[in-house]
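Grab a pencil and open the structure viewer. Below is a set of short exercises, each with a solution worked through in steps.

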Amino acid sequence: MGEERYGEFVLVRRHGHVAELVLDRPKAMNAVSTEMARSLAAACTALGMDRDARVVVLTSSSERAFCVGADLKERNSFSDADLVRQRPVARGAYTGVLELPVPTIAAVHGFALGGGFELALACDLIVADETAVVGLPEVSVGVIPGGGGTQLLPRRVGAARAAELIFTARRLEAPEAAALGLVDQLAGAGRDREEALALATRIAKNSPVGLRSAKRALRLGQGLDLRAGLEVEDAAWRATAFSGDRAEGVAAFNEKRAPEWPGE
C-alpha cells in the first residue's frame with residue numbers, strides 16, 4: 001500500500017486500483033483552510049490523470065469528524081480582499097472532487113457540516129456510520145453553501161427538501177439522513193471507511209473505460225430532457241463500445257474467466 005502526501009493536510013493511499021484520498025487535519029477536525037484546499041485540489045488533479053485509479057474513496061483521519069467545513073478561525077482574520085482572493089482556491093477543492101472522472105465514495109463519520117458535507121455531496125456515493133451528523137448550516141453564520149451545496153443537495157433530495165434543510169440550517173443524525181437520501185449506505189459505528197473501501201473494491205473490478213464512461217453519462221445527463229440525455233448516453237456508449245475493455249469483457253465472458261482490463 002503506497003502513500004503520497006499533498007502538503008501537510010492531504011494524503012493519498014493506494015489499495016490496488018482504489019485510491020484513498022484522506023483529509024488529514026485531525027486537530028482541526030479537517031476544517032478546510034486555504035492550504036488544505038490547495039492541497040486537496042492538487043491531489044484531485046493528480047488522481048484525475050492516474051489511469052491506474054479506478055475508484056476514489058474520500059476519508060478522514062479525525063476520529064470526531066469527516067470535515068467541519070471552512071476554517072472559520074482563518075476566515076475571521078480575512079479582509080474582504082482576502083476573501084475574494086481565497087474564493088478560487090476554495091472552489092478548486094470542491095470542484096476537484098466533483099470533477100474526478102472515476103466513481104467516488106465518501107466515508108463519513110462524526111460531523112460533516114457545511115463545506116465538509118459539500119465534499120461528501122461532490123462524491124457519487126456516501127457511506128455514513130451511525131455517528132454521522134450532516135447538514136448545511138451556512139445561513140446561520142451569514143453566508144450560503146458555496147461548495148456546491150445549493151446545486152448538489154436538490155439533485156439528491158429534491159428542491160423543496162433541500163430548501164428546508166438549507167433555510168433551517170438544521171443538522172441531521174445518520175438515521176434521518178439515510179431516510180431522506182442525504183446518504184446512501186449506513187454502517188455501524190467506526191465502519192464507514194471499511195465499508196466504503198469494500199464497496200470501492202467491488203466497483204474497481206469492473207472495466208475502467210466503462211466506469212469512466214458511465215460516470216460521464218450520469219453526470220452530463222443530469223437536468224437534460226430525456227431525448228438529450230439519451231444522446232449523451234449514446235456518445236458515452238460509442239466511446240466504450242470500440243475500446244479494448246469491451247473486447248476483453250466479451251472475450252472473458254465467453255471464455256468463462258475473469259477479465260484482464262487493458263483500461264483503454
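The exercises that follow are about a predicted model, so treat every value as computed from that model.

**Exercise 1. Work out how the rings of tryptophan 237 and phenylalanine 242 are arranged.**

Solution. Start with the distance: the two ring centres are 6.1 Å apart, and the cut-off for a pair is within 6.5 Å. Next comes the angle. The planes of tryptophan 237 and phenylalanine 242 stand at 75 degrees, and anything over 60 counts as edge-to-face. So this pair is edge-to-face. The count by this rule is 1 aromatic pair. Last, check the surroundings of phenylalanine 242: its relative accessible area is 65%, and the line for exposed is drawn at over 50%, so phenylalanine 242 is exposed.

**Exercise 2. Find what sits over the ring of phenylalanine 9.**

Solution. Look at arginine 25, whose charged end lies over that ring. The distance to the ring centre is 5.0 Å, and the limit is within 6 Å.

**Exercise 3. Lay out the open sheet that holds β5 and β10, and say which strands are at its edges.**

Solution. Write down the order: β5-β7-β9-β10, which makes 4 strands with mixed pairing. Now find the strands that pair on one side only; these are β5 (65-67) and β10 (172-173), the edge strands. Then zoom in on one junction. Strand β9 (residues 133-135) runs antiparallel to β10, with 2 bridges between them. For valine 134, the bridge partner in β10 is leucine 172.

**Exercise 4. Trace the neighbours of strand β8. Is β8 mostly covered or mostly open?**

Solution. Take β6 to begin with: 4 bridges link it to β8, and the two run parallel. One place to look is alanine 107, whose bridge partner in β8 is valine 127. Now turn to β11 (residues 185-187), which is joined to β8 by 3 bridges and also runs parallel to it. Valine 127 turns up again here, with glutamine 185 as its bridge partner in β11. As for cover, 4 of the 5 residues in β8 (residues 125-129) are buried, which makes the strand mostly covered.

**Exercise 5. Describe helix α9 from end to end, including what covers it.**

Solution. Begin with length. The helix takes in residues 208-221, 14 residues, and spans 20 Å from first C-alpha to last, close to the expected 20 Å. Step back to serine 207, which caps the N-terminal end: one of its side-chain oxygens is 3.3 Å from the backbone nitrogen of valine 209. Just past the helix, glycine 223 has a positive phi of about 85 degrees. Then list buried positions, among them Pro208, Leu211, Arg212 and Gly221. The elements covering the buried residues of α9 include α1 (34-48), α3 (80-98), β6 (104-108) and α8 (192-204).

**Exercise 6. Which residues does aspartate 50 touch, leaving out those up to four places away in sequence?**

Solution. Place the residue: aspartate 50 is in the loop between α1 and β4 (55-60). Its relative accessibility is 17%, and buried means under 20%, so aspartate 50 counts as buried. The residues in contact are Arg14 and Arg212. Arg212 is also one of the buried residues of α9.

**Exercise 7. Compare asparagine 30 and lysine 256 in backbone angle and accessibility.**

Solution. Recall the background: most residues other than glycine have a negative phi. Asparagine 30 has a positive phi of about 65 degrees, and lysine 256 has a positive phi of about 55 degrees. Now for location. Asparagine 30 is in the loop between β3 (18-23) and α1, while lysine 256 is in the segment after α11. Finish with accessibility: asparagine 30 is buried, at 0%, whereas lysine 256 is exposed, at 77%.

**Exercise 8. Where is proline 154, and what does it touch beyond four places away in sequence?**

Solution. Proline 154 is in helix α5 (residues 149-157). Its relative accessible area is 25%, and it is partly exposed. Its contacts are Gly149, Ala159 and Ala162. To put arginine 171 on the map as well, go 17 residues along the sequence from proline 154; the C-alpha atoms of the two are 16 Å apart in space.

Definitions and conventions: Residues numbered from 1 in each chain as written. Predicted model: local features only at pLDDT ≥ 70, side-chain atom pairs only at ≥ 80, totals over all residues. Heavy atoms only, no water. Phe/Tyr/Trp six-rings, centres within 6.5 Å; stacked < 30°, edge-to-face > 60°. Buried < 20%, exposed > 50% of the residue type's maximum accessible area, 1.4 Å probe, protein only. Lys NZ or Arg CZ within 6 Å of the ring centre and 35° of its normal. Pairing = 2+ DSSP bridges. Expected span 1.5 Å × (residues − 1). Contact = heavy atoms within 4.5 Å. Polar contact = N/O pair within 3.5 Å; in protein donor to acceptor, adjacent residues only side chain to side chain.
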